[in-house]
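Welcome, and please open the structure in your viewer. We will go from one selection to the next and look at what is there.

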Amino acid sequence: MNKTLRLTFPQWQGADPAIMQPLVPELSQQDAAQGYFIGSQLLEWLAPASKAAKATVPVSLDYTGEQVATQQGIYAYPAVTAQLQAALDIIKQHQPDRIVTLGGECSVSVAPFSYLADKYQGDVAVVWIDAHPDLTLPNEGYVGYHAMALSALAGKGDEQIIGKLPAFIEPKNAAIVGFRSYPADVERVEKFGVTKISSASVNAKSDDVLAFLQATGKRKVLIHLDLDALDPADLRTAVAADPDGIKVAAVSRLIGDIAQAYDLVGLTIAEPMPREVIKLRNLLHSLPLLGE
């Protein structure tokens with residue numbers, strides 16, 4: 001029997017709080033920064049019951065100390081590197097055949113996808129469902145590591161982080177689905193050699209993604225679902241709200257179609273920002289008696 005691990009990875013440090021907070025003005029900077037921590041736990045609570053083994057990566061909530069220092073062009077570098085290693089250690093201990101990861105910001109896919117790329121050497125393709133390419137490199141202006149997740153999986157980026165990863169994925173075997181970002185990002189995607197597939201294509205049918213997978217010749221598929229890929233008019237539970245995204249029904253159909261045609265061995269849900277839940281949490285924490 002195939003062994004599945006459900007990994008809860010509430011990492012929040014991959015996003016730059018200074019950039020995030022203006023996008024979530026109703027929250028304080030710390031609440032906005034650490035919202036992914038609560039979002040990951042909410043995903044675990046909402047997800048269907050499973051017989052899979054479960055594990056949680058320990059994530060620091062230190063917001064002022066050395067753990068959130070920007071080093072090597074990456075915000076919270078000490079925490080990001082330590083938590084990456086912790087995730088890899090947990091996965092290695094369980095030795096799963098499949099991994100479901102509930103994040104946390106986008107970089108939570110790095111450890112499980114690298115492990116699976118190593119386990120199924122030469123036989124994995126990546127479908128990265130995201131409004132943004134996540135192909136940034138350190139010292140390119142933005143310090144949030146979540147924007148460097150796919151480039152790390154391609155073996156590009158900080159040497160210490162890349163050195164921890166057991167395997168990499170060739171860019172030609174990765175597709176960004178739902179991409180609708182800035183002109184500079186278009187150039188970045190083309191430079192990396194990653195395939196891009198529009199939201200409109202996926203909303204109409206799954207054919208372009210299935211054709212990409214067929215062209216790779218791979219049998220195993222890793223799917224990363226950043227919730228900002230969804231059309232905010234349909235469901236908004238992410239920080240970004242770029243219009244004209246993928247409809248909820250379309251993303252469900254797409255992932256189902258992939259799972260029917262290929263061996264889906266990795267699935268990540270990332271970047272949940274439950275604004276109203278965080279505001280409710282803050283209300284509860286302000287009331288007498290509840291904390292006694």
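Begin by selecting strands S7 (residues 220–226) and S8 (residues 263–270) in this predicted model. Seven bridges join S7 to S8, and the two strands run parallel. For one pairing to zoom in on, pick Val221, which stands opposite Leu264 in S8.

Now add strand S4 (residues 124–129) to your selection. How many bridges join S4 to S7? There are six, and these strands also run parallel. Here, Ile129 stands opposite Leu225 in S7.

Stay with S7 and show its side chains. Lys220, Leu222, His224 and Asp226 point one way, while Val221, Ile223 and Leu225 point the other way. Are these residues buried or exposed? On both sides they are buried, and the strand is mostly covered, with seven of its seven residues buried.

Next, select helix H11 (residues 248–261) and keep S7 and S8 in view. Together, S7, H11 and S8 make a right-handed β-α-β unit.

For the last stop, select helix H3 (residues 35–46) and helix H12 (residues 275–286). Their axes come within 10 Å and cross at roughly 105°. Angles of 65 to 115 degrees count as roughly perpendicular, so H3 and H12 are roughly perpendicular to each other. Which residues make the contact? On H3, look for Gly35, Ile38 and Leu42; on H12, look for Val277, Ile278 and Arg281. Colour them by class and you will find four nonpolar residues, one polar and one charged.

Technical notes:
Residues numbered from 1 in each chain as written. Predicted model: local features only at pLDDT ≥ 70, side-chain atom pairs only at ≥ 80, totals over all residues. Heavy atoms only, no water. Axes fitted to C-alpha atoms, helices over the stretch in contact; angles between N-to-C directions. Helix = DSSP H or I, 4+ residues; strand = E, 2+ residues; numbered from the N terminus. Parallel < 35°, antiparallel > 145°, perpendicular 65-115°, else oblique. Contact = heavy atoms within 4.5 Å. Nonpolar A, V, L, I, M, F, W, Y, C, P; charged D, E, K, R; others polar. Buried < 20%, exposed > 50% of the residue type's maximum accessible area, 1.4 Å probe, protein only. Pairing = 2+ DSSP bridges. Right-handed = clockwise from strand over helix to strand, strands pointing away.
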